[in-house]
There are 2 protein chains.
Amino acid sequence: MNQFLKIDPWCLIGEGFSKENHRASESIFSLGNGRFGQRANFEETYSGETLQGNYVAGIYYPDKTRVGWWKNGYPEYFAKVLNAPNWIGINIKIGNEEVDLAVSRVISFKRVLNMKEGTLKRDYHIELNSGNQLKASIIRFLSMADPEVGAIRYTLTPVNFDDTITVTSYLDAGIKNADANYDEYFWDEVSRDISGKSGFIVARTRKTEFDVCVGIDTSVLVSDNCNVSIPESHEEEKFISTTYTVDARQGKKVIIYKYASVLSSLYHSKNTIQAEAKKVLIHAVETGFDRLLKAHTELWADKWEHSDIVIEGDDKAQQGIRFNIFQLNQTYTGDDERLNIGPKGFTGEKYGGSTYWDTEAYCLPFFLCTSPWKVARNLVLYRYKQLQKAIENGEKLGFTEGAALYPMVTMNGEECHNEWEITFEEVHRNGAIAHAIYNYVKHTDDKQYLIEYGLEVLIAISRFWKQRVNFSKARNKYVMLGVTGPNEYENNVNNNWYTNTIATWTLNYTLRTIEFVKETDRTAYDSLARKTNFNEKVELRDWKDIIENMYYPVDKETGVFLQQDGYLDKEQMTTDELDPAQRPINQHWSWDRILRSCFIKQADVLQGIYLFEYRYDTATIKRNFDFYESRTVHESSLSSCVHAIIAARIGEIDRAYKLYLNTSRLDLDDYNNEVDEGLHITSMAGTWMSVIEGFAGKRIRNNKLVFNPRIPDKWKSYSFKIIFRDSLLKIIVTKDSVILFNESDVSVQLLIFENNHVISGNTETKIKIGEGVYT
Amino acid sequence: MNQFLKIDPWCLIGEGFSKENHRASESIFSLGNGRFGQRANFEETYSGETLQGNYVAGIYYPDKTRVGWWKNGYPEYFAKVLNAPNWIGINIKIGNEEVDLAVSRVISFKRVLNMKEGTLKRDYHIELNSGNQLKASIIRFLSMADPEVGAIRYTLTPVNFDDTITVTSYLDAGIKNADANYDEYFWDEVSRDISGKSGFIVARTRKTEFDVCVGIDTSVLVSDNCNVSIPESHEEEKFISTTYTVDARQGKKVIIYKYASVLSSLYHSKNTIQAEAKKVLIHAVETGFDRLLKAHTELWADKWEHSDIVIEGDDKAQQGIRFNIFQLNQTYTGDDERLNIGPKGFTGEKYGGSTYWDTEAYCLPFFLCTSPWKVARNLVLYRYKQLQKAIENGEKLGFTEGAALYPMVTMNGEECHNEWEITFEEVHRNGAIAHAIYNYVKHTDDKQYLIEYGLEVLIAISRFWKQRVNFSKARNKYVMLGVTGPNEYENNVNNNWYTNTIATWTLNYTLRTIEFVKETDRTAYDSLARKTNFNEKVELRDWKDIIENMYYPVDKETGVFLQQDGYLDKEQMTTDELDPAQRPINQHWSWDRILRSCFIKQADVLQGIYLFEYRYDTATIKRNFDFYESRTVHESSLSSCVHAIIAARIGEIDRAYKLYLNTSRLDLDDYNNEVDEGLHITSMAGTWMSVIEGFAGKRIRNNKLVFNPRIPDKWKSYSFKIIFRDSLLKIIVTKDSVILFNESDVSVQLLIFENNHVISGNTETKIKIGEGVYT
């Protein structure tokens, strides 16, 4: 654990400079605006350890796969999140000495990520080897209002000297990925153009041939009695720069303004991209720093208006939840169905790919409740657009007749992960994708989506399940062999309860959706049946047979659902019997030992209970929770949130709170010493879920919003908003009451503590806790 | 399948030159003498596709592990079989044109591996671009008599020209491994020294710091009326050469003699290695080519005398079996207990490491029966010497208190394989190592070995089994979870019948061995108990408890032993239902599909039945054989032989013969198109086993040799020799009789067709087939 941040409800504040924390800080203080993003690298030279990272949404490189031993079916390429041209660079020289915080004596240093405004500020005061002392104050942001614009204001103050300051602002496309498999460059230069204070590079990714054009414009403002040279430009392969020389005087500020336009061929024709980048850049320069910033912060205010969770009485929890919400909003804005939510967002390269089942299982609920419905729609549509690739992916693994296996990790719909036990076997992801359609429709009531897109995906996934199970004569049941469940501390198991459960759920939901589409729009149905060569009679019969005869492992004695066949053959231990020095076990135990132990990385059976909670009574949920929570080591960022929700469901608020803390400050407190590689973006949505679905007990049942709010001891109150279909609700939970504001014009029916309430448009209702029953 | 060799009982003959077959031929025509070896690379320049390979026994490089995704416990390094300095190189220029068979027109070409003599001969007749025609005749060998000496005679005849021939004989230490993980050089030069016709390079492996000194000496003999220059030497980093210029005349032979001495620091002090290499080289040159060759072929005659199998009536089978025996004898001569039998021997780099369980399970029986007992003893002693490393290897994976897990692949006792499902889980290898001790003692009666070495290994392995099983309350039995059996088409299974069986067998054998050692040499026992901290009371009790309460999966309906838990849940198919176009399945199916299919790569349950055949009646053996043979795809080189032996055991000679053919010509006919990477050396011993233990039914029971010979229809007769304890037997099996010659002075008791026979020294016995009963 690595706590070096001050607690503050709206800001992350890091005071004092530490080389050890630098890479972690670069992750934590990252910025993004959905279209591009970057780690909190310094503008000026930094010769210490750093992970340089600029990322442009949707731009990737298929890096040739590297494995120890090749297995049939591995994809040839792994899609890497691409480190893109670096536009923030501003080197500063005092006399002949380079400013470099790894070398200079740092007198004071402060870094502030203002989450309310979406800005990164940095102040430092250093003494160079020459004895010259310099103060600097830097602020930068990536505009939410103009999502192709970034801006930096870098203010220098000579503390005790008069000397020449040389400012070299550059754009560097000669960058590499730290995770390149074969240490290759991924970018070629298409063109570069520099004159005076501004310039452009068009860089093209190898193989994928995406073009990114970055323009930079740098100007320097000095006080009246200081001189600044005219800008001198320089260029070389993949690199352009503008240099200013300033006769700086003690105490007189030197202010550098640097603007960037970052355009990609996802949105612009390659022929005109540079001209358009120039337009965007000129507009940004003309608008000016302050007005750009104002528009940016207004956009952020709007985001906070809908997605904030306010917690009173617990600043640590408040900072934690805001950080999670802030990062989610930085990563995905939902205006392009080709984009998705990478596990590290714009904060690092690790894992690669942009899309995991995390999107459907964890992120979708957040965007459903906090954004206009089109945002969540784009997330589900993303998978529809990749259906053909998912069918091809299935074919590569031997599936036929339109069976789709969505990839474990992807950029463009093709599988790019290469561990057989994950890539080939962690097939439950297919279920999450089906379930996301259900979730989306349930929340938005956009049933038309089922007709136009949803059913086609459901049929393809159901066909996969049909082929993936087999009938065991020995058991007289359908079984599903050789899978990896959500708990990745088991590989190649048989009859993972969760996977079997979500498989038959999918088949069932597909059957119901077929009925619905048939009734609602027969023409659309017939057309889809033709398009998919749907053999209604045979396929429906097969699916029903599987639904009726699927095998689910259960402990007959206790009624606990068993994670997989043979789970009870393991030596049964609980996590409190583990030596703390051996945790996390994934850093202390060999892989085989982890595999054969009973310890669980993340919710597996409980993931199923979370999704299908309505099927089970409280006693059943509690029985399974007690059994599995005591065996779960929570060594995935996706684990605690599901456990927290279930703990709250069964009324164990203290346990829920502890689990919540685990998830909400995972990155801020860097429990696992891995934040230097980037943030756990997708699990951040899980934190939001723990509050809304956990403490507040939000559900949707029979087309109604349901709440069963509880509040952790430490909190005075908490509040949040929910967009549900046409309505917008604000919910405030205090120790003794729940207050609901209907901020929309339509009235809303809700179930609070299992009592019906109708709240008319623009009115509020206050319900005393204790007035209803918890379920 | 790739058949391009002529059938001949003693030779491999490849006529006509084909670039496509070149890499495969380089493997098949490989030479070795136990101490060093090489692929059949051409001496002269060859610009086509080639895998250059010279290998020196015991010399390896720990190449930094490369994996896609790191798992805890992976070894940091993979020990690579090292491509060593190339001493065979002789470049030939006619005028200014380089001789290069990839470029010249090849008029005729013939390559002969004479297995009787251990020589590689090559004849070619080519026309260069100049129109000059050249004939060449080359013979080389690596001396069995002087195992640090290699020699080449390269004879050139200008067919239609008078021109200058430039002969450049070189030694090149600037070589790489084709399988280097990071494309690095593994050798540094320590020193080089060249003057005139001879020179030396001492090269040192990086990290491991082995020194290899290679010396070369080249002379050129010409006819009286031709001129040859004095030798001109040249040197550069890691390279030396000697060049002769010959005024060659049409029809007049030019004969190049090249001798090499190859010494390693395994046998020589680094301080004197070059001086000693010089001595060896001078001695070779003085001895001369013909006398070196004579001594070499005499050694081979002796090897054939003991290890040959003569088959009458089936030249194809004859050539196949001889090729297997030849390669085994080339790979391992058994005079150094630090060496072992690499899966590719001296024929390629693939797989790396020198020691797999193949040694114990397949190779040991061959060397036990065909070599002086010390050879097999060195093989078992090899593991004893690495016991400490095996204990450390266990510790790395979390085992304690002296539990040994021998590595899956090793050079020096450390694990160097890195696939978790193999490295960590294929633990049955530990059982094979224990069983090899049993086999060795049973065959040689060297019980003293148990006292001095064997028991210590057995205790350490038994401790491993004790910790590797756990007691399942659910089953009220001991179980072994998360293993991979011999059938590597299953990973991470529970209760692999074979592994559970060999585990309890080991415990049992250890108990018996403890009794024996205690009774025989109490002092030695007490000393060993102290050395190993043996807690006799507790450990014996625990082991007995496991022996008595181990769980073995069995199909209650049919009595078939089940490969693992859940095997019957798989869709049951037999190999005849497989589409031939889909075979081998490992080239057509994705890994997950292979895993969840019922198809078996190699003997697994049947491996156990092979080892512990005496426990089962014929009906049981047949039942299991029928079940598993019909599900086995034999996609391991180690598979068919075991099935052949069992087929013979149950009297199914036709099936045994088909399986035998599969194994005996695997490389010659290149079934799997993979011979270009090297030969399957260890499985060659399995071929030998199929004849001796299969057709001839050789067993040892109650200290007696047992034979139940049968003969395939196609064969007129077959014969072989067996060294058993103090005796040497020759067995000839014909259609109607078995003739046994006792070639030793002591009398031998045998069981032939279950009848007792005593054959006095130097006499023979003839038994008519049908006189006894088969079991």
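## Asparagines with positive phi

B:Asn533 sits in the loop between α12 (522-531) and α13 of chain B. The model is a predicted one. Although B:Asn533 is not a glycine, its phi is positive, near 50 degrees. Its relative accessible area is 66%. Exposed means over 50%, so B:Asn533 counts as exposed.

B:Asn476 is another residue of chain B with a positive phi, here about 60 degrees, and B:Asn476 is not a glycine either. The loop that holds B:Asn476 runs between β22 (470-472) and β23 (477-479) of chain B. With a relative accessibility of 54%, B:Asn476 is also classed as exposed.

## Cis peptide bonds

In chain A, the peptide bond that joins A:Arg583 and A:Pro584 is cis, and its omega is about -5 degrees. A:Pro584 belongs to the loop between α13 (536-549) and α14 (591-596) of chain A.

Chain B has a cis peptide bond from B:Arg583 to B:Pro584, with omega near -5 degrees. B:Pro584 is found in the loop between α13 (536-549) and α14 (585-588) of chain B. The label α14 therefore needs its residue range beside it, because helices are numbered from the N terminus: α14 is 591-596 in chain A and 585-588 in chain B.

## How the two chains are related

A turn of 180 degrees and a shift of 0.1 Å along the axis lay chain A on chain B, with an RMSD of 0.0 Å. The two copies are therefore related as by a two-fold rotation axis. The two chains use the same surface for their contact: 100% of the contact residues of chain A recur in chain B.

Which residue of chain A comes closest to the rotation axis? That residue is A:Val67, whose C-alpha lies at 2.3 Å from the axis.

## Cavities

The model contains 12 cavities of 30 Å³ or more. The largest cavity holds about 180 Å³ of space. Its lining is made up of 18 residues. Those nearest the centre of this cavity are A:Trp69, A:Tyr74, A:Glu419, B:Tyr74 and B:Glu419, so residues from chain A and from chain B are found there.

Two helices each supply at least two residues of this lining: α8 (420-423) of chain A and α8 (420-423) of chain B. By residue type, the lining of the largest cavity consists of 8 nonpolar, 4 polar and 6 charged residues. Glu counts as charged, while Trp and Tyr count as nonpolar.

Note on methods
Residues are numbered from 1 along each chain as its sequence is written. Chains are lettered from A and ligands numbered from 1 in the order in which they are written. This is a predicted model: local features need pLDDT of at least 70, side-chain atom pairs count only at pLDDT 80 or more; totals for chains, interfaces and linings use all residues. Side-chain values use heavy atoms; hydrogens and water are left out. On a 1 Å grid over the protein atoms alone, a cavity is a set of points where a 1.4 Å probe fits but cannot get out, and a pocket is an open set with protein on both sides within 12 Å along at least five of seven lines; lining residues have an atom within 4 Å of a point. Grid points are joined across faces, edges and corners, and a volume is the space filled by probe spheres set on the points. Helices (H or I, at least four residues) and strands (E, at least two) are DSSP runs, numbered from the N terminus. Buried means under 20% relative accessible area, exposed over 50%, partly exposed in between (1.4 Å probe, protein chains only). Copies are superposed by least squares on the C-alpha atoms of residues with pLDDT of at least 70 in both. Contact means heavy atoms within 4.5 Å.
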